[in-house]
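Please open the structure in your viewer and keep the selection tool at hand. The tour below proceeds stop by stop, stating at each one what to select and what is found there.

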Amino acid sequence: MKGLGVSQGIGIGKAFVIKKRELNVEITHINDVDAEIKRLNTAINLSKDQINNIYLKTLKEIGEKEAQIFKSHEMMLEDEAFINEIKEKIKSEKVSAEYAIKEIANIYINMFDNIKDDYLRERADDVKDIIGRVLHNLLGVQTTDFSKMKENSIIVAKDLTPSDTAQLDRNKVLAMITEMGGKTSHAAIMARIMGIPTVVGIEGILDFVHNNDNIICDGKTGKVIINPNKKQLKYYIQKKLNEEKINNELKKQTGLPSITKDNYKVELFSNISTPKDVATVLENDAEGIGLFRSEFIFMNRDCQPTEDEQFEQYKEVLEKMNNKPVIIRTMDIGADKEVPYIDIPKEINPFLGYRAIRVCLVNVDVFRTQLRAILRASVFGNVKIMFPMISTMKELKDAKIVLEEAKQELKKEGILFDDNIEVGIMIEIPSAAITSDQLAKEVDFFSIGTNDLIQYTMAVDRMNSKLSHLYSQYHPALLRLINNVITNAHNAGIWVGMCGEAAGDFKLIPVFLGMGLDEFSMNAPSILRARYIIRNLKKKDMENIAEETLNLETALDVENYLSNLFAEEEDSHFNRRSKGSN
Ligand code: PEP
Ligand code: MG
């Protein structure tokens, strides 16, 4: 059977089937409204206590970000408007609390279900999780009991709620398989963080599988085999051993320089959103932070963070990084990143609209405050400033004027900072890429933001799943632009990095290496594999390969060309031998 692999790895174990009791809530009329509301309050309070316990367990065993999911569940049960709607229904229609809560929740579930965006649609699962818990408590029925689970279990369920996932004992669960769910459901996100191989979306699997059946689950390919034969079992045991070998091999890369066989050194950096992410950056031995998306400090709050609040966060990152470079990108809000306290009117084309540096150059006070906070933090480590979404020389010069003002203010106030702080820009708009020879004269470095550069080069909204076939990092148009930017940067004597997702694409790393990219900034878990790849290549050979890709005609041609060169042995790049090297 085949589903969608959402968390890599292979699990071989015994099925632990979760068949949740469907709660059938029929319309029931009541006489005593006060007693019914009291029942509702008791169930809500009990649910909040249970959710809080799950929150604490998640915080301790998984992490703060994942634990926040349960804080938001708790908040929903504290949302007066939502609870009052339920109470109002009980009062006006004299119906049971179960019925009222189910009906009101359905309105929200349907609303989320009809949203096109995958991430938001999957929030319907959160509402179902919360309401399911309150209903169980109202009816006095136990929710799933995971305590009976034995070691080496592979969970098979219709759906797993985030609270189910959080309660799992990582030592007992080898993999998870569900009939429902998507890549960005919270359960999938948590499975990835917990490192549990997971396949979702295998409709009807519960009709075929029984407790204690032997199961193989491949979280990469999405393949699931129930009661495998000897040949299949042998194949997957070998595959799993290979995976373990690879992981052990990768760990040996820790501490080694990111240098090619012909002594060309590059830097492997990581992207972060909050100071908390620094832990995984250090765990994976990244050599610096190539993109700190500082806008996350400004989001999910109802007033602007003060200069001191920002300073503390930047300082925390710099101290933890212990003098390794940290590139702080100034606030990149607008489009999909909203902040309620800055006036960003609704636009027809928000991705082509008022966002990032454009917002900062209008809200100069907000911008200057951020720059002051970064400058003040600069004495605690090796920090660089990067401006996002630069499309013209004028914007860059204007941004630099505000930076200069911030420096002058601090000087007057006698506050110390690094006056030679490096300043760079993101190259993520074609106009900047095309004029990068000129822009390079004004900055110390570039960082290529492929996520946006693809969308603006190909004229494809990066969030539009219908057009995702056109949104490709392999397209020769993009590769030619990148090649030009790197050449222009080097001609002007500055270094150039990349912080878009393409920087962590194992097939493209050799190409960018050949083009001469100096720094690659990616998600922390990709660092050691990227280092392994780089240490096994010769820069000289990659120059020819990069040149070849520029002459191909389609994204598919490029992808196939690279796949053939770097033998896509399903489970690793470790059998890869570049045809050009050795
Ligand atoms: C990019 O556009 O490539 C980038 C790194 O920025 P973001 O994804 O935050 O827009
Ligand atoms: Mg961007």
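Select T198 to begin; in this predicted model the residue belongs to strand β5, which covers residues 198–200. T198 counts as buried because its relative accessibility is 3%, and buried means under 20%. Now add I196 to the selection. Its backbone oxygen is 2.8 Å from a polar atom in the side chain of T198.

**Aromatic pairs**

The next stop concerns aromatic rings. A pair of such rings is described by two values, the distance of the centres and the angle of the planes. The whole structure contains 6 aromatic pairs. Select Y235 and Y236: their ring centres are 5.0 Å apart and their planes stand at 90°, so this pair is edge-to-face. Which of the two is buried, and which is partly exposed? Y235 is partly exposed, at 47% relative accessibility, whereas Y236 is buried, with a relative accessible area of 5%.

Move next to F367 and F387, an edge-to-face pair with 5.9 Å from centre to centre and 65° between the planes. F367 sits in helix α14 (residues 364–377) and F387 in strand β11 (residues 382–387), so the pair ties together parts that are 20 residues apart in sequence. Both F367 and F387 are buried.

**Helix α15**

Select residues 393–412 to display helix α15, and within it pick out Q408. This residue is partly exposed, its relative accessible area being 37%. Then select R372 as well and draw a line between the two C-alpha atoms: Q408 and R372 are 10.0 Å apart in space, while 36 residues separate them in sequence.

**The surroundings of ligand 1**

Select ligand 1 together with the 14 residues around it; those that come nearest are R293, R329, G449, N451 and R462. Sorted by class, this shell holds 3 nonpolar, 4 polar and 7 charged residues. Two elements, β9 (289–293) and α18 (450–458), each supply at least two residues of the shell. Which element gives the largest share? That is α18, with 3 residues.

Next, examine individual contacts of the ligand. In the side chain of R329, an N or O atom is 2.8 Å from an oxygen atom of ligand 1. For E428, the corresponding distance from a side-chain N or O atom to an oxygen atom of the ligand is 2.9 Å. G449 takes part through its backbone, where an N or O atom lies 3.3 Å from an oxygen atom of ligand 1. Taken alone, ligand 1 exposes 290 Å², and the protein buries 98% of that area.

**The magnesium ion**

For the last stop, select ligand 2, the magnesium ion. Which residues are its protein donors? They are E428 (OE) and D452 (OD), which lie 2.0 to 2.1 Å from the ion. E428 is in the loop between β12 (422–427) and α16 (430–434), and D452 is in helix α18, so the pair ties together parts that are 24 residues apart in sequence. E428 counts as buried, at 2% relative accessibility. D452 is also buried, with a relative accessible area of 2%.

With E428 still selected, display ligand 1 once more. E428 serves as a donor of the magnesium ion and also has a side-chain N or O atom 2.9 Å from an oxygen atom of ligand 1. Helix α18 likewise appears at both stops, as the location of D452 and as a source of shell residues around ligand 1.

Note on methods:
Residues are numbered from 1 along each chain as its sequence is written. Chains are lettered from A and ligands numbered from 1 in the order in which they are written. This is a predicted model: local features need pLDDT of at least 70, side-chain atom pairs count only at pLDDT 80 or more; totals for chains, interfaces and linings use all residues. Side-chain values use heavy atoms; hydrogens and water are left out. A residue is near a molecule or strand if one of its heavy atoms lies within 4 Å of it. A polar contact is a pair of N or O atoms within 3.5 Å; within protein, one must be able to donate a hydrogen and the other to accept it, and residues adjacent in sequence count only if both atoms are side-chain atoms. Accessible areas come from the Shrake-Rupley method with a 1.4 Å probe; for residues, only the protein chains shown count as cover. Helices (H or I, at least four residues) and strands (E, at least two) are DSSP runs, numbered from the N terminus. Ala, Val, Leu, Ile, Met, Phe, Trp, Tyr, Cys and Pro count as nonpolar, Asp, Glu, Lys and Arg as charged, and the others, Gly among them, as polar. Donors are N, O and S atoms within 2.8 Å of the metal (3.2 Å for Na, K and Ca); water is not among the atoms, so sites may look incomplete. Buried means under 20% relative accessible area, exposed over 50%, partly exposed in between (1.4 Å probe, protein chains only). Rings of Phe, Tyr and Trp (its six-membered ring) pair if their centres lie within 6.5 Å; planes under 30 degrees apart count as stacked, over 60 as edge-to-face and the rest as tilted.
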